[in-house]
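Open the model in your viewer and keep the sequence panel beside it. The stops below each give a selection and then what is found there.

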Amino acid sequence: MKHKDIDNEVYDVNSLTSLEKLEPVRVRPGMYIGSTGSKGLHHCIWEILDNSIDEISNGFGSCASVILNEDGSATVTDNGRGIPTGVHPLKKKTGVEMVFTELHTGGKFNNDVYKTSGGLHGVGAAVVNALSKWMEVEVKQKGHIYKQRFEYSYDESLGKDMPGTPVTKLNQIGETKDTGTKVTFMPDSDVFSTVEFKFDIIDERLKELAFQNKGVTLKLIDRRGHEEIQKEYHSERGLLDFIEYLNESKTPLHKDPILFQGERQVNDIKMQGEICIQFTDSTTYHIASYVNNIPTTESGTHESGFKTGMTRAFKDWGKKLNLVKEKEFEGDDLREGMTAIVKIKISNPVFEGQTKTKLGNTEAYTMMNDLSYTKLSEWIEDNKKTAAVIINNALDSAARREKIKKINDAEKKKIGKGAAPLAGKIAVCTLKNSSYCEFIVVEGDSAGGSAKQARDRRFQTIMPSKGKIMNTEKQKLENVLGSEELKIFNSAVGTGILDNYNEKDLKYDKIIIMSDADVDGYHIRTLWMTYIYRYMRKLISDGHLYIALPPLYKVYKNTKNKQIVKYAYSDQQLLDAKNEVGSGALIQRYKGLGEMNPDQLWETTLNPETRTLQQITIEDAAKAEKMVSLLMGDVVAPRKKYMYKYAQF
């Protein structure tokens, strides 16, 4: 069937369009910053900050600051050398204008200026300019202060409005003995779905950067509230401080972390690796990996090399120590309970995509593999008792894995005979297209019953949850796999767990946790998020996990013609709703989802047109790891401290 009369369509050279200057960034921002949500918004700060850190990492400067301004803009400053202000002999433009208006312009395409850098493609500064309403750049250099402003404004050479247009020249505005760069930008609300910078996200990133760059001082200043907030970050022990921070809520199996580093050059590529490891009593493992200070959340060759080298070293020594005989262990068994920080500085990194979440250099794999094998073999020789504990833990883990495989095989046989765990437990939607479907876990049988009546049967599947599932942070894997409720959830979602996770088998676009707006509800929500974070993490990183936010109050008034109804999700919203409804307003306080009838549940919490959903994201993997361990682990002191600070949730 033809949607257009394509025979009459003319396709010739006149059909072709060309995007000018920074227009490609504006048209396809996701190609450059990953998304136009909160993650992409903060990525703009990282792009500018990476340039400052590159200066400091290469020995130019000692401090950098991020300032959140009252008007919603952000400023990044450093005391590096300052962006070149001279006029380029061929381009006839200043270095500042080139860096902020031309893609693929920078000093990082060879190793003459920067030995290592996070800013690789020379697009970061220009991309941020393209996605801003305006940007101001100040450079302190050669005794002078220079300033230039860019805006989404009319470009005379093209005769139309363009992103990142220089509206002033690079003017000299003062004298100084200092050097450095100051960049202020206002993110454009026409590009981003949110333009509110989150203090906690930036706080965590600066903390990580300080751990990775010992001796460097970083500052965060927030001027948006009634009182200015200032924080300073500085670490003298580097990765040793970092691993202590990550393991604050865990019990280490050995007091002193394993720390080693090394260098290698392959052809023109220079590499420096540094790794810190500590084994704990946790049932899962966490690796925080970085390339040139940038978190590689999708790992890469440096992390793979580390894993291979580490497994080789412990397997070889397991045989030497006569601990490994008939049965062996795999890498995953060895890593159970491990926290590791894997850091590499590399002169010519090959990333997959501009957002730099996965390293591709094969040289990095070889280097980190050899470094890990050599240094860990030396450590084991000097720490045979601790190494024996780690190897025995790995053997225990391998035995459990075999047991789990038998449990899984038995479950598959049951399902093959028609004894699927879903029978009678959940109300399944009728649509088969997963991109439209939602899987909703509802707290309590009462609310679950109402939700089954209230849902749109076409695309909403309801799973009533009996209450609190087990705390999977504290459980061995075989116990988790034995949970009936989690079996039902796994079977319904379809992806499998851990290494067997396959996103192609996902049956729903949205996984929604729906619990009461009270302490028990928060606990239930956290238990489910912990399970998904530990066993199906890609559900979160791929943006499939949501929390349904039920209202606390219904504010209503009956009139002759109709009932005026407003729902409030906080005490402040309650005041606003009372004002909107006016005199004679009645208030109903919901104690839980079970109190709502199906119509109310549909209108407030299930209807896509009127409900409020909160998407759960992993903005920062190290922070997520620490928070899950802190809230759900066994160490009480840091949890008490956190709960006291955030008692109101």
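Contact here means heavy atoms within 4.5 Å. Helices (H or I, at least four residues) and strands (E, at least two) are DSSP runs, numbered from the N terminus. The model is predicted, so local features need pLDDT of at least 70 and side-chain atom pairs count only at pLDDT 80 or more, while totals for chains, interfaces and linings use all residues. Residues are numbered from 1 along each chain as its sequence is written, and side-chain values use heavy atoms, with hydrogens and water left out.

**Stop 1: two packed helices**

Select helix 6 (residues 199-212) and helix 7 (residues 239-246). Glu-204, Lys-207, Glu-208, Phe-211 and Gln-212 of helix 6 meet Leu-239, Asp-241, Phe-242 and Tyr-245 of helix 7. The residues of this contact divide into 4 nonpolar, 1 polar and 4 charged. In that count, Ala, Val, Leu, Ile, Met, Phe, Trp, Tyr, Cys and Pro are nonpolar, Asp, Glu, Lys and Arg are charged, and the others, Gly among them, are polar.

At what angle do helix 6 and helix 7 pack? The angle is about 140°, and the axes are 7 Å apart. Axes are lines fitted to C-alpha atoms, for helices over the stretch in contact, and angles run from 0 to 180 degrees between N-to-C directions. Helix 6 and helix 7 are therefore oblique to each other; angles under 35 degrees count as roughly parallel, over 145 as roughly antiparallel, 65 to 115 as roughly perpendicular and the rest as oblique.

Now keep helix 7 alone. Of its 8 residues, 6 are buried, where buried means under 20% relative accessible area, exposed over 50%, and partly exposed in between (1.4 Å probe, protein chains only). The buried residues are Leu-239, Asp-241, Phe-242, Ile-243, Tyr-245 and Leu-246.

**Stop 2: a hairpin**

Select strand 3 (residues 132-141) and strand 7 (residues 180-187), which run antiparallel and are joined by 8 bridges. Two strands pair if DSSP finds at least two bridges between them. Add strand 4 (residues 144-155), which is also antiparallel to strand 3, with 8 bridges joining the two. Which residues stand opposite Val-137? In strand 7 the residue is Val-183, and in strand 4 it is Gln-148. Strand 3 and strand 4 form a hairpin with 2 residues between them, and Lys-142 in the turn has a positive phi of about 55°.

**Stop 3: a serine in strand 12**

Go to Ser-289 in strand 12 (residues 286-291). Is Ser-289 buried or exposed? Its relative accessible area is 4%, so Ser-289 is buried. The Ser-289 side chain makes polar contacts with the side chains of Thr-296 (2.8 Å) and Glu-303 (2.9 Å). A polar contact is a pair of N or O atoms within 3.5 Å; within protein, one must be able to donate a hydrogen and the other to accept it, and residues adjacent in sequence count only if both atoms are side-chain atoms. Not counting residues up to four places away in sequence, Ser-289 touches residues including Ile-294, Pro-295, His-302 and Val-342.

**Stop 4: a lysine in helix 11**

Lys-405 is in helix 11 (residues 384-416). Its relative accessibility is 48%, so Lys-405 counts as partly exposed. Select Glu-478 as well: the two residues are 73 apart in sequence and 9.6 Å apart in space, C-alpha to C-alpha.

**Stop 5: the sheet of 5 strands**

This open sheet has the strand order 16-15-17-18-22, with mixed pairing. Strand 16 (460-465) and strand 22 (613-615) are the edge strands, each pairing on one side only. On average, neighbouring strands are turned by 25° against each other, direction ignored.

Strand 15 (residues 438-443) and strand 17 (residues 510-514) pair in the parallel sense over 5 bridges, and Val-442 has Met-514 of strand 17 as its bridge partner. Add helix 12 (residues 445-454), which packs on the sheet and touches strand 15, strand 16 and strand 17; its direction makes about 165° with that of strand 16. Helix 15 (residues 519-535) lies across strand 15, strand 16, strand 17 and strand 18 (545-548), running at about 175° to strand 18.
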